[in-house]
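Trainee: Before we build anything on this model, could we go through it together, one question at a time?
Mentor: Gladly; please bring up the structure and we will begin.

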Amino acid sequence: MAADQAQFQQLLNSLLSSDNEVRQQAEDAYNNLSREVKVTHLLGNIHNGQQSEEARQMAAVLLRRLFTSDFLEFYKEIPADSQNQLLQQILLAVQQDVTPQLRRKICEVVAEVARNLIDEDGNNQWPDILQFLFQCANSPTPQLQESALRIFTSVPSIFGNQEAQYIDLIKEMLAKSMEPGADAEVRVQAVRAVGAFILYHDKEKEVAIYKHFSDLLQRMLVITGETIEAQDDQSLLKLLIDMTENCPKFLRPQLEFIFEICMKVFSTPDIEDSWRHLVLEVMVSLAENAPAMVRKRADKYIVALIPLVLQMMTDLEEDDDWATADVVNDDDHSDNNVIAESSLDRLACGLGGKIVLPHVMNALPTMLSHSDWKHRFAALMAISAIGEGCHKQMEAILDQVMSGVLAYLRDPNPRVRYAACNAIGQMSTDFAPTFEKKFHEQVVPGLLSLLDDVENPRVQAHAGAALVNFSEDCPKNILTRYLDAIMTKLETILNSKFKELVEKGNKLVLEQVVTTIASVADTCEQEFVAYYDRLMPCLKFIIQNANSEEFRMLRGKTIECVSLIGLAVGREKFITDAGEVMDMLLKTHTEGDLPDDDPQTNYLITAWARMCKILGKQFEQYLPLVMGPVMRTAAMKPEVALLDNEEVEDIEGDVDWSFINLGEQQNFAIRTAGMEDKASACEMLVCYARELKDGFADYAEEVVRLMVPMLKFYFHDGVRSAAAESLPYLLDCAKIKGPQYLEGMWLYICPELLKVINTEPEPEVQSELLNSLAKCIETLGPNCLNEDAMKQVLDIITKYVQEHFERADKRLQARAEEDYDDGVEEELAEQDDTDIYILSKVVDIIHALFLTNKEQFLPAFDQVAPLFIKLLDPNRPFADRQWGVCVFDDLIEFCGPACAPYQHVFAPALLQYVTDKSPDVRQAAAYGCGVLGQFAGEHFAVTCAQIIPLLVQVINDPNSREMENINATENAISAFAKILKYNSSALTNMDELIQLFFSWLPTSEDPEEAVHIYGYFCDLIQSNNPVILGANHLNLPRIVSIIAEAFLKNVLEAKSEVGTRLLTIVKQIESNPEMMQQCTSTLSPEEKQALQVAYQELAA
């Protein structure tokens, strides 16, 4: 045994060796040992005072890791007396006289064992540990006190289901440990312990726990303040940040004190930056996570904080090579100016524009007129930073802001010009399209002039980037005015920079210009044809020849540019180059797989999807070549790891990794590099399935097998959304393979889709999943859900609608809280919008079920109907009533006379809501009135007659044609037409009603309802209705004018059935030239043109 022990000691020493080979051999030898041997020797080495400190520490780390992964398997295999002996040995190890570092590592071993011995029901199977904790905490030895607190910090759940009975003892232990007379290390560890305990409690228990421990908070903060004064241990400040993120309400009673401590440090420039960054993070995190609390109780500190943040933004390095650097390194995230800018952005988003904007605007004039460029730069970057958070307030003073910014496009300092471009680019995005409409006359020429700044390529490139932001959201009719000027400039730069690339290898500006050309093409579409022939040869040359590693990004961006130009100019123009371009793109992959982090991958995959849209069926020939790379990228598996806190600290600064703290020493780490490419590849597969339909059928099964498991890919929302979106398109592709094949595919998809709809945490993805289910049902048709699946769908509907009601109730409670203010209301309104969107997707599922199954769905609907009846309650918000009405609209439309059992629900609702104050509710009710007339049958003739005067009231309202009302009004006109056409038996004054209908034409907004409105109009004309035609056909000019207006407003297609009927009527009138002359004399030139175009479309 002794020999074994000596051998193991030697092994430990080899594991600590700096020689890689020795260490590797030792690791292999260690891994080959059995668990029992490892535990025995590791524990023996921890107890062995003769062994070196490093080896004992290594033994403790290895034992803790072993217990993290394998404790229960090992523990269950050994006899009961060995189990007791093991636990005693572990507790004895803590009581040795050892260094603080070793003691800390031993405590982590104890904590790991304690964590493993609490079962799922909260029973602690190691009762001695609780007794040991209290003994240590009450021991006169500070080291043991600290050990108890350290174990408790690591496993705050250690009391399991006995916590309630121990709660006063726990509090007493923690309070005593924080007393001023206690040992300094013990006091610090006690703060960590309180923090861990508070953070461990979930939302249900939090209120009681917060209350119980609130009187310890001031002591915690005093001790935290002392560690700041001493500037030796940042852990308590980091804990405070953790608490601001996860339990800000616990901090509420001491909010002012927290800001006092933090402002004292932040306003002292002599204090080391890392401390100032941490206190700033505390304040910013509070503003993000408890904005109402901060607005109400810490407003005066925010007033003082904002100028200090702006001051920190001026902390910039002079750099003579900045303006000419061809390779731009990302800003270092620990730089003062970067941290300050990000903090200002977060303060604005957290607290809102009412609080933040006035203080920033007060500081800007002085900064902008400062002689030091750093102040001017910081001021312009501040404008960029606050746009998103101060959106509403800033939009009102955009003129004032822009008058300040524009002048600095001509600043003598290149970095200030760069910042002015940055502000314009950011505002182009934040305030689109208002910004583009208001400032195009100043912005476009201003940015074009900076594209000439050849001395400062960095500024030149940034002007191009700002032009991308501007053109992305710029209305086409505005951007095309400048198209010649923009393209002349971009072509010149493209040619000169291409030459520079060949001669010097410089590529920064060229990369940007290529992207800017792509963006302009994307907005201007067909208008871009004029520049196609001049640009394409140069762009193709870059794709063909920019093959070396340093040009990968340039080549990728050029690929994007060419495919966007192809999409913009259309198939006819692009087709001559399409084959050659596809061959060049495919060559990239056939010459060897690109590495995971190659920037070309994403550009290639998205370019292929654009080529698919351009080429349509012709793209099918390329599928065998593109599907391999796209599928490989879509199937990429992320690198993941479970790490303890120390391991996380080692790689925390690595931007390629993201961490999720799982609590109690466990962190989930994922390498995010490549995840965006994976999401893009999934979206492209959606595009292929959507565009190629049955041409993609041979790949449908392979793609479905990839996509269905990715509904649970929780590392990236975009991947799950794309997987959900793909499913109905893939089913549609597979239809060509026959009903049996399709059924097999659906049997694979359905259970998984229903499962994830129940468990998906993110609202954005929930809505995609619900939408996917609705579309799958529509694609597959009647009876696609078996009994079990239908039950699950009804459960999903119930769950989501009940949660909708619960969240609405919570928002009502939030409005009654003491911190409620305008900012909270804005947040609640956003939540409300998200909720309504999800509700609309649930209603889409009901729509799909009624659409496909008609009245056969009624027995199942009966089970969820009470939820939708509740939505109709007059006291509910307008959106609830709108979607409630939509459900019963579907019931009427698709069940016809079988809707009668619900007439006591929908008839009063339609009569009440068709005149509702909300246009959306009116529109839904008007649609319902229309389908009642069209489909519900004779049984509802009297209800239809009651509806008619209400429709007249809505349509004749003086504001009925205002933008917000027009859709509701046109639905009402359509409903009126449907009742007159299909269900008029209880109406007594038809001529008078037809005259009214005629007076309301033309309509201009709703193409779907236009079919019914103009269909009925045709019926009346073709049946020679005297009211419509008038005495001696006096109304014909008005009839022709109405028809011309319908085509002018694009509410009807010339080739549609109703469009063709209308044109036939005009042709009949044309057979009488004199009459036609009379009719056309009243038409505007635009109306005449619209009729001509309609004729041409019909002929084509």
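The questions and answers below move from the whole chain to one helix, then to a domain interface and finally to pairs of charged side chains.

Trainee: What share of the residues of the chain counts as buried?
Mentor: This is a predicted model, so every value here is computed from predicted coordinates. The chain has 55 helices and three strands, and its C-alpha atoms fill a box of roughly 120 × 75 × 60 Å along the principal axes. Among contacts between residues at least 6 apart in sequence, 72% join residues at least 24 apart. Of the 1100 residues of the chain, the share that counts as buried is 56%.

Trainee: How many residues of helix H8 are buried, and is H8 largely enclosed or not?
Mentor: Helix H8 covers residues 142-154 and reaches 18 Å from its first C-alpha to its last, close to the 18 Å expected for its 13 residues. The buried residues include Leu 144, Leu 149, Ile 151 and Phe 152, and also Glu 146 and Arg 150. H8 is largely enclosed by the rest of the structure, because the number of its 13 residues that are buried is eleven.

Trainee: Which helices do the buried residues of H8 pack against?
Mentor: The buried residues in question run through the helix and have Gln 145, Ser 147, Ala 148 and Thr 153 among them. Their packing partners are helices H5 (80-94), H6 (100-116), H7 (127-137), H9 (163-177) and H10 (184-200).

Trainee: How much area do domain 2 and domain 3 bury between them?
Mentor: The domain assignment places domain 2 at 396-473 and domain 3 at 475-578, alongside domain 1 at 251-316 + 333-392. The centres of domain 2 and domain 3, taken over C-alpha atoms, are separated by 21 Å, and 20 residues of domain 2 are in contact with 19 residues of domain 3. Of the area that the two domains bury between them, 72% is on carbon and sulfur atoms, and the total is about 1600 Å².

Trainee: Which residues of domain 2 lose the most area to domain 3?
Mentor: On the domain 2 side, the residues that lose the most together account for 28% of what that side buries, and they are His 440, Leu 448 and Ser 471.
The rule also finds seven residue pairs in polar contact across this interface.

Trainee: Which helix gives the most to the side of domain 2 that touches domain 3?
Mentor: Across this interface the rule finds one salt bridge, and Lys 489 forms a salt bridge with Asp 452 in which the closest N and O atoms are 2.7 Å apart. Helix H25 (434-450) and helix H26 (457-472) each supply at least two residues of the side of domain 2 that touches domain 3. With ten residues, the helix that gives the most to that side is H26.

Trainee: Is Ser 767 buried or exposed?
Mentor: Ser 767 has its place in helix H40, residues 763-780. Leaving aside neighbours within four places in sequence, Ser 767 is in contact with Tyr 837, Ile 838 and Lys 841. Its relative accessibility is 7%, below the 20% cut-off, and therefore Ser 767 counts as buried.

Trainee: What separates Glu 701 and Arg 705 along helix H37?
Mentor: The side chains of Glu 701 and Arg 705 meet in a salt bridge at 3.4 Å, N to O, which is one of the 52 that a search of the whole structure finds. Glu 701 counts as partly exposed at 35% relative accessibility, and Arg 705 counts as partly exposed at 47%. Because the two residues are four apart in H37 (residues 697-710), their separation is about one helical turn.

Trainee: How far apart in sequence are the parts that Lys 712 and Glu 752 tie together?
Mentor: The side chains of Lys 712 and Glu 752 meet in a salt bridge at 3.0 Å, N to O. Lys 712 lies in the loop between H37 and helix H38 (717-734) and Glu 752 lies in helix H39 (residues 739-759), so the parts that this pair ties together are apart in sequence by 40 residues.

Trainee: Which residues do salt bridges that share partners join into one network with Asp 835?
Mentor: Asp 835 forms a salt bridge with Arg 807, the closest N and O atoms being 2.7 Å apart. This pair links distant parts of the chain, with Asp 835 in helix H42 (residues 822-853) and Arg 807 in helix H41 (residues 787-815), 28 residues apart. Asp 835 is buried, at a relative accessible area of 5%, whereas Arg 807 counts as partly exposed at 30%. The residues joined with Asp 835 into one network are Lys 799, Glu 803, Arg 807, Arg 811 and Asp 832.

How values were computed: Residues are numbered from 1 along each chain as its sequence is written. This is a predicted model: local features need pLDDT of at least 70, side-chain atom pairs count only at pLDDT 80 or more; totals for chains, interfaces and linings use all residues. Side-chain values use heavy atoms; hydrogens and water are left out. The expected span of a helix is 1.5 Å times one less than its number of residues. Buried means under 20% relative accessible area, exposed over 50%, partly exposed in between (1.4 Å probe, protein chains only). Contact means heavy atoms within 4.5 Å. Domain bounds come from an automatic or database domain assignment. Buried area is the accessible area (1.4 Å probe) that two parts lose on being put together, summed over both. A salt bridge is a side-chain nitrogen of Lys or Arg within 4 Å of a carboxyl oxygen of Asp or Glu. A polar contact is a pair of N or O atoms within 3.5 Å; within protein, one must be able to donate a hydrogen and the other to accept it, and residues adjacent in sequence count only if both atoms are side-chain atoms.
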